[in-house]
Amino acid sequence: MISVHNLFDGFSPEPPGEAVEEILRAETFRIERIVSRGQNSPPGFWYDQQTEEWVLLVSGSATLCFEDGRRINLKPGDHILIPRHVRHRVERTDTELETVWLAVHWTCGS
């Protein structure tokens, strides 16, 4: 049966965690909804993912940092492609509003 879901329904992240929900998964990709409110990556932690990742910031705000020193501030509607193995971290998410991310992860042939 076909059903309708809403990206903004059914979440309430509480510090220190984020709400992560897998929306769709197939053999080579997955789509996640991530909801943050003031969360960030622990000091010294870097994501080093095996997959390509495209991220859309739907609401709130956030700052991503990359190991090469780049720092990117995101606002609603901003999206970014993060290639696999590009080390990055979440420096900041909005403390007043939910920061809603839509993340698409996929693998390409070698």
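The exercises below work through the strands, sheets and pockets of a predicted model of one protein chain.

**Exercise 1. Overall dimensions**

Determine how many helices and strands the protein chain has, and judge its radius of gyration against that of a compact globule.

*Solution.* Begin with the secondary structure, which comes to zero helices and eight strands, so that the elements, read from the N terminus on, run β-β-β-β-β-β-β-β. Next, take the extent of the chain: along the principal axes, its C-alpha atoms fill a box of roughly 45 × 40 × 25 Å. For the comparison, a compact globule with 110 residues would have a radius of gyration near 13 Å, and because the protein chain has 14 Å, the value agrees with that expectation. Finally, consider burial, where the cut-off is under 20% relative accessible area; buried residues make up 35% of the 110 residues in the protein chain.

**Exercise 2. The sheet of five strands**

Establish the strand order of the open sheet of five strands, and explain why one side of each edge strand is left without a neighbour.

*Solution.* The order of the five strands is 1-2-8-3-6, and their pairing is antiparallel. At the edges stand strand 1 (19–25) and strand 6 (79–82), and because each has a single partner strand, one side of each is left without a neighbour in the sheet. Neighbouring strands of this sheet are turned against each other by 20° on average, with direction ignored.

Two of the pairings can then be followed residue by residue. Strand 2 (residues 29–36) and strand 8 (residues 99–106) run antiparallel and are joined by eight bridges, and in this pairing Phe29 has Trp106 of strand 8 as its bridge partner. Strand 3 and strand 6 also run antiparallel, with four bridges between them, and here Val55 stands opposite Ile80 in strand 6.

The last step concerns the side chains of strand 6, which alternate along the strand: Ile80 and Ile82 point to one face and are buried, whereas His79 and Leu81 point to the other face and are not buried.

**Exercise 3. The sheet of three strands**

Work out which strands lie at the edges of the open sheet of three strands, and decide whether the residues of strand 4 are buried or exposed.

*Solution.* The order in this open sheet is 5-4-7, again with antiparallel pairing. Strand 5 (71–74) and strand 7 are the edge strands, each of them pairing on one side only, and the twist from one strand to the next averages 20°.

Strand 4 (residues 62–66) pairs with strand 7 in the antiparallel sense over five bridges. Within this pairing Thr63 stands opposite Arg92 in strand 7, and Phe66 has His88 as its bridge partner. With strand 5, strand 4 pairs over four bridges in the antiparallel sense, and the bridge partner of Leu64 in strand 5 is Ile72. The hairpin of strand 4 and strand 5 has four residues between the strands, and in this hairpin Gly69 takes a positive phi near 100°.

As for burial, five of the five residues of strand 4 are buried. Both faces of the strand are covered, with Ala62, Leu64 and Phe66 buried on one side and Thr63 and Cys65 buried on the other.

**Exercise 4. The two pockets**

For the largest pocket and the second largest pocket, describe the volume and the residues of the lining.

*Solution.* The largest pocket holds about 240 Å³ of space. Its lining has 16 residues, of which Ile34, Tyr47, Gln49, Glu53 and Val90 are the closest to the centre. The elements giving two or more residues to this lining are strand 2, strand 3 (52–59), strand 7 (88–93) and strand 8. Sorted by class, the lining divides into nine nonpolar, three polar and four charged residues.

The second largest pocket holds about 210 Å³ of space, and the residues that line it are His5, Asn6, Leu7, Asp9, Glu21, Glu22, Ile23 and Arg33. Strand 1 gives the most to this lining, with three residues. In this second case the division by class is two nonpolar, two polar and four charged residues.

Technical notes:
Residues numbered from 1 in each chain as written. Predicted model: local features only at pLDDT ≥ 70, side-chain atom pairs only at ≥ 80, totals over all residues. Heavy atoms only, no water. Pairing = 2+ DSSP bridges. Axes fitted to C-alpha atoms, helices over the stretch in contact; angles between N-to-C directions. 1 Å grid on protein atoms, 1.4 Å probe; cavity = no way out; pocket = protein on both sides within 12 Å on 5 of 7 lines; lining within 4 Å. Points joined across faces, edges and corners; volume = space filled by probe spheres on them. Nonpolar A, V, L, I, M, F, W, Y, C, P; charged D, E, K, R; others polar. Buried < 20%, exposed > 50% of the residue type's maximum accessible area, 1.4 Å probe, protein only. Rg over C-alpha atoms; globule rule 2.2 N^0.38 Å.
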